[in-house]
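The following note is offered to a colleague who has the sequence and the coordinates to hand. The points are numbered so that each may be checked in turn.

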Amino acid sequence: MSILRSQEGKGTVAVEKQTAKIPSIVYFAAGMIPLAASACLMHHKRPHAALAVGQWAAPLLIMGLYNKLVKTEGHD
């Protein structure tokens with residue numbers, strides 16, 4: 001893994017250090033809020049907006065998963 005470590009930029013390491021400070025529940029909540037907002041928009045007959053907002057959940061949950069992996073496995 002030292003090969004990967006040497007290829008990572010200083011910016012990547014700095015971002016990982018800062019995001020590791022954020023609790024995992026924050027990412028989970030950030031992923032669930034768009035799903036709830038999407039359901040509300042769908043209920044209010046705004047299907048296009050509901051679909052757009054609902055697509056925000058996946059990237060936010062993936063960011064949380066990445067954060068969790070970096071916390072548990074380390075960045076090396």
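1. In helix 5, the residues A57, G64, N67 and V70 are buried. Viewed down the axis of helix 5, the buried residues fall within an arc of 160°, so they line one face of the helix. The model under discussion is a predicted one, and the points below should be read accordingly.

2. The opposite side of helix 5 carries the exposed residues I62, L65, T72 and E73. Against which elements do the buried residues of helix 5 pack? Their partners are helix 2 (10-19), helix 3 and helix 4.

3. Helix 5 covers residues 57-73, which makes 17 residues. From its first C-alpha to its last it reaches 24 Å, close to the 24 Å expected at 1.5 Å a residue.

4. G64 deserves a separate entry. This glycine has its place in helix 5. Its relative accessible area is 12%, and G64 is therefore buried, the cut-off for that class being under 20%. Between the C-alpha atoms of G64 and A29 the distance is 9.8 Å, although the two are 35 residues apart in sequence.

5. Helix 3 may be treated in the same manner. Here Y27, G31, P34 and S38 are the buried residues. Seen down the axis of helix 3, they fall within an arc of 55°, so they too line one face of their helix. The buried residues of helix 3 pack against helix 2, helix 4 and helix 5.

6. Which exposed residues does helix 3 carry on the face turned away from its buried side? They are I25, I33 and H43. Helix 3 has 20 residues and reaches 29 Å from its first C-alpha to its last, close to the 28 Å expected at 1.5 Å a residue.

7. Two further residues of helix 3 can be placed by their accessibility. A30 lies in helix 3, and its relative accessibility of 28% means that A30 counts as partly exposed. The C-alpha atoms of A30 and M63 are separated by 10.0 Å, with their positions 33 residues apart along the chain. F28 also lies in helix 3; with a relative accessibility of 46%, F28 likewise counts as partly exposed.

8. F28 belongs to a nonpolar patch on the surface, which is formed by I25, V26, F28, M32, L35 and L61. Together these residues have about 510 Å² of accessible area. Which helix supplies the largest share of the patch? That share, 5 residues, comes from helix 3 (residues 24-43). I25 appears here as well as among the exposed residues on the face of helix 3 turned away from its buried side.

9. The segment after helix 3 should be inspected at K45. This lysine follows helix 3 and has a positive phi, near 60°. The positive value occurs in a residue other than glycine. K45 lies in the loop between helix 3 and helix 4. Is K45 buried or exposed? K45 is exposed, because its relative accessible area of 69% is over the 50% that marks this class.

10. On the far side of that loop, helix 4 (residues 47-54) contains A52. At 41% relative accessibility, A52 counts as partly exposed. The C-alpha atom of A52 is separated by 9.5 Å from that of P34, and the two residues are 18 positions apart along the chain. P34 is one of the buried residues of helix 3.

11. The overall composition completes the description. The secondary structure of the protein chain comes to 5 helices and 0 strands, and along the sequence the pattern reads α-α-α-α-α. How many residues does the protein chain have, and what percentage of them count as buried? The chain has 76 residues, of which 16% count as buried.

12. Contacts and surface may be stated for the chain as a whole. Among contacts with a separation of 6 or more, 61% are accounted for by residues 24 or more positions apart. The protein chain exposes about 5700 Å², and carbon and sulfur atoms supply 71% of that area.

Notes: Residues are numbered from 1 along each chain as its sequence is written. This is a predicted model: local features need pLDDT of at least 70, side-chain atom pairs count only at pLDDT 80 or more; totals for chains, interfaces and linings use all residues. Side-chain values use heavy atoms; hydrogens and water are left out. Helices (H or I, at least four residues) and strands (E, at least two) are DSSP runs, numbered from the N terminus. Buried means under 20% relative accessible area, exposed over 50%, partly exposed in between (1.4 Å probe, protein chains only). Contact means heavy atoms within 4.5 Å. Accessible areas come from the Shrake-Rupley method with a 1.4 Å probe; for residues, only the protein chains shown count as cover. Patches are made of residues with over 30% relative accessible area and no salt bridge: like charges are joined within 9 Å, nonpolar side chains (Val, Leu, Ile, Met, Phe, Trp, Tyr) within 5 Å. A salt bridge is a side-chain nitrogen of Lys or Arg within 4 Å of a carboxyl oxygen of Asp or Glu. The expected span of a helix is 1.5 Å times one less than its number of residues. The arc is that of the directions from the helix axis to the C-beta atoms.
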